[in-house]
Amino acid sequence: MLLWFITYILIPINTILFVQGSNWFTTNFSVIGNRIGREEEFVLWGLMVGIYFFWSLRQIALRMPVAPGFTWLIPLAMTLLAFAVTTPYLPEKLPLKSRLHIVFAFLSAFCLFLCLWRFIWILYQYNREKYRLFLIGLSGIALFSLLLFLAAGIISSALEIFFTITSVLMVRRLYLSLV
């Protein structure tokens with residue numbers, strides 16, 4: 001019940017509330033999270049999402065029919081996320097740290113996506129019918145994320161909201177398929 005609440009209520013609501021009052025296509029989590037008074041909220045959001053993915057992906061890896069490999073991407077993604085939410089994004093004042101912040105945030109999401117893709121691909125090899133929709137769903141997440149990026153021209157809040165919530169839901173469904 002707790003995991004259900006975190007997956008379907010806590011993370012989606014906090015993700016959307018975090019960007020409340022901002023334009024989803026002209027700003028992003030980094031800009032919002034580095035405003036005065038929002039830094040702690042940004043770190044808290046990052047911890048909540050990071051812990052969720054870390055725990056859930058580890059549980060999925062433990063339940064897979066074969067060792068999935070790439071499990072080192074799980075702690076790497078979460079470490080990069082921690083670096084991203086704790087490295088300031090203030091391009092005018094701290095340009096180097098701001099570039100590092102962007103690299104950390106992008107690589108964190110990329111590592112998470114690669115890990116998830118690897119897990120789904122392995123499961124698909126074992127049961128094509130059962131995991132075909134997972135493969136299609138993950139491809140849809142990637143394609144729609146790309147479209148959101150192209151539409152805004154930046155990694156926008158809309159893209160971050162979409163990627164976060166759909167990835168959380170995908171991980172939960174994948175976990176449930178293995179228990």
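Leu3, Trp4, Thr7, Tyr8, Ile11, Pro12, Thr15 and Ile16 of helix α1 touch helix α7 at Ile161, Thr164, Ile165, Val168, Leu169, Arg172, Arg173 and Tyr175. Contact here means heavy atoms within 4.5 Å. Helices (H or I, at least four residues) are DSSP runs, numbered from the N terminus. By class, this contact holds 11 nonpolar, three polar and two charged residues. Ala, Val, Leu, Ile, Met, Phe, Trp, Tyr, Cys and Pro count as nonpolar, Asp, Glu, Lys and Arg as charged, and the others, Gly among them, as polar.

This is a predicted model: local features need pLDDT of at least 70, side-chain atom pairs count only at pLDDT 80 or more, and totals for chains, interfaces and linings use all residues. Residues are numbered from 1 along each chain as its sequence is written, and side-chain values use heavy atoms, with hydrogens and water left out.

**Helix packing**

Helix α1 spans residues 2-18 and α7 spans residues 157-178. Their axes come within 10 Å and cross at roughly 175°. That makes α1 roughly antiparallel to α7. Angles over 145 degrees count as roughly antiparallel. Axes are lines fitted to C-alpha atoms, for helices over the stretch in contact, and angles run from 0 to 180 degrees between N-to-C directions.

Helix α7 also packs with α6, at an angle of about 170° and with the axes 10 Å apart. These two are therefore roughly antiparallel to each other. On the α6 side, the contact includes Lys130, Tyr131, Phe134 and Gly137. On the α7 side, it includes Ala158, Leu159, Phe162 and Phe163. The residues of this contact divide into 14 nonpolar, five polar and two charged.

**The largest pocket**

The largest pocket holds about 850 Å³ of space. A pocket is an open set of points on a 1 Å grid over the protein atoms alone, where a 1.4 Å probe fits, with protein on both sides within 12 Å along at least five of seven lines; lining residues have an atom within 4 Å of a point. Grid points are joined across faces, edges and corners, and a volume is the space filled by probe spheres set on the points.

Its lining has 30 residues, and Ala105, Phe106, Ala109, Ile155 and Phe163 lie nearest the centre. Helices α2 (29-33), α3 (39-63), α4 (73-86), α5, α6 (128-152) and α7 each supply at least two of the lining residues. The most come from α5, with nine. The lining has 23 nonpolar, six polar and one charged residues.

**Three single residues**

Buried means under 20% relative accessible area, exposed over 50%, partly exposed in between (1.4 Å probe, protein chains only).

| Residue | Place | Relative accessible area |
|---|---|---|
| Val103 | helix α5 (residues 95-126) | 41%, partly exposed |
| Ser157 | helix α7 | 0%, buried |
| Phe70 | loop between α3 and α4 | 35%, partly exposed |

Beyond its neighbours within four places in sequence, Ser157 is in contact with Val19, Trp24, Thr27, Asn28, Phe29 and Ile32. Ser157 and Thr79 are 78 residues apart in sequence and 21 Å apart, C-alpha to C-alpha. Val103 and Phe83 are 20 residues apart along the chain, and their C-alpha atoms are separated by 9.8 Å. Phe70 has a phi near 60°, a positive value in a residue other than glycine.

Terms used: Angles under 35 degrees count as roughly parallel, over 145 as roughly antiparallel, 65 to 115 as roughly perpendicular and the rest as oblique.
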